[in-house]
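Please open the structure in your viewer with the sequence panel beside it, and follow the stops below in order, making each selection before reading on.

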Amino acid sequence: MTFLKSVCTSKAPIPIGPYSQAIRIGPWLVCSGQIPLHPETAQVVGEDVSVQTQQVLDNIKSVLSSEGMTLKHVVKSLVFLTDLKNFEPFNKVYKTYFSNHKPARSCVEVSALPKSVLVEVEVWAYRD
């Protein structure tokens with residue numbers, strides 16, 4: 001039987017709802033969507049998509065790190081933007097985090113995100 005482990009680190013924002021930061025199942029880490037909240041204050045960081053994207057990806061790095069993983073272990077990311085006009089500025093920041101390793105990715109426009117942020121990203125990571 002496979003063991004499910006709820007993951008929680010103080011180096012990423014605590015969830016704002018009834019969910020885990022991530023769930024570990026064997027070699028997989030399924031990370032909940034991260035929004036641009038500062039881990040210590042739980043306040044939204046930045047007013048533009050570039051600053052918000054950086055915080056989101058730093059939060060993801062922290063969740064991964066808590067399980068001994070890095071961005072190189074990410075196999076899939078799902079990006080939510082409230083405006084696809086932010087696609088290019090988002091990508092400029094995203095590619096600084098995923099320069100050589102490029103996971104599979106989807107990107108969708110949504111009508112709104114929690115706390116009226118501009119971006120949310122979830123990832124799946126694998127480490128055998």
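Is cysteine 8 buried or exposed? Select cysteine 8 in this predicted model, and you will find that it is exposed, with a relative accessible area of 59%. Now add cysteine 31 to the selection, since its sulfur is the closest cysteine sulfur to that of cysteine 8; the separation is 12 Å, which is too far for a bond. A search of the whole structure finds 0 disulfides. Cysteine 107 likewise takes part in no disulfide, and the nearest cysteine sulfur to it, again that of cysteine 31, is 18 Å away. Cysteine 107 is partly exposed, its relative accessible area being 25%.

From cysteine 8, go on to serine 10, which lies in the loop between β1 (4-7) and β2 (22-25). Serine 10 is exposed, with a relative accessible area of 66%. If you display serine 66 as well, 56 residues away along the chain, the C-alpha atoms of the two serines turn out to be separated by 9.4 Å.

**The helix pair**

Next, select residues 49-66 as helix α1 and residues 87-97 as helix α2, and turn the view until both axes can be followed. Two packed helices are described by the angle between their axes and the distance between the axes. Here α1 and α2 pack at an angle of about 30°, and their axes are 8 Å apart. Because angles under 35 degrees count as roughly parallel, this makes α1 roughly parallel to α2. The crossing of α1 and α2 is right-handed.

To see the contact itself, show the side chains on both helices: α1 contributes Val49, Ser50, Thr53, Gln54, Leu57, Asp58 and Lys61, while α2 contributes Pro89, Phe90, Val93, Tyr94 and Tyr97. Sorted by class, this contact between α1 and α2 has 7 nonpolar, 3 polar and 2 charged residues.

Which residues of α2 are buried? Colouring α2 by accessibility should pick out Phe90, Asn91, Val93, Tyr94 and Tyr97. The cover over these buried residues of α2 includes α1, β4 (74-81), β5 and β6, so these elements are worth displaying together with α2.

**The loop between α1 and β4**

Follow the chain out of α1 and select glycine 68, which lies in the loop between α1 and β4. Glycine 68 counts as partly exposed, at 41% relative accessibility. Leaving aside its neighbours within four places in sequence, glycine 68 is in contact with His73 and Arg127. For a distance along this part of the chain, pick valine 56, 12 residues from glycine 68, and the C-alpha atoms of the two will be found 19 Å apart.

Is leucine 71, found in the loop between α1 and β4, buried or exposed? Leucine 71 counts as buried, with 12% relative accessibility. Not counting residues up to four places away in sequence, leucine 71 touches Ile60, Lys61, Leu64, Tyr97, Phe98 and His101. Select histidine 101 from that set: although leucine 71 and histidine 101 are 30 residues apart along the chain, their C-alpha atoms are separated by 8.2 Å.

**Strand β6**

Move on to alanine 125, which lies in strand β6. Alanine 125 counts as buried, at 0% relative accessibility. With residues up to four places away in sequence not counted, alanine 125 touches Pro27, Trp28, Leu29, Leu64, Met69, His73, Val74 and Val75. Cysteine 31, encountered earlier, can be selected again here: the C-alpha atoms of alanine 125 and cysteine 31 are separated by 7.9 Å, with these positions 94 residues apart along the chain.

**Two backbone angles to check**

For the last stops, switch to a display of backbone torsions and ask which loop holds alanine 42. Alanine 42 is placed in the loop between β3 (28-34) and α1, and its phi is positive, at about 60°, although it is not a glycine. At 35% relative accessibility, alanine 42 counts as partly exposed.

Finally, select lysine 115, in the loop between β5 (104-109) and β6 (119-126). Lysine 115 has a positive phi of about 60°, although it is not a glycine, and it is partly exposed, with a relative accessible area of 48%.

Conventions: Residues numbered from 1 in each chain as written. Predicted model: local features only at pLDDT ≥ 70, side-chain atom pairs only at ≥ 80, totals over all residues. Heavy atoms only, no water. Axes fitted to C-alpha atoms, helices over the stretch in contact; angles between N-to-C directions. Helix = DSSP H or I, 4+ residues; strand = E, 2+ residues; numbered from the N terminus. Parallel < 35°, antiparallel > 145°, perpendicular 65-115°, else oblique. Left-handed = near helix turned anticlockwise from the far one by under 90°. Contact = heavy atoms within 4.5 Å. Nonpolar A, V, L, I, M, F, W, Y, C, P; charged D, E, K, R; others polar. Disulfide = S-S within 2.5 Å. Buried < 20%, exposed > 50% of the residue type's maximum accessible area, 1.4 Å probe, protein only.
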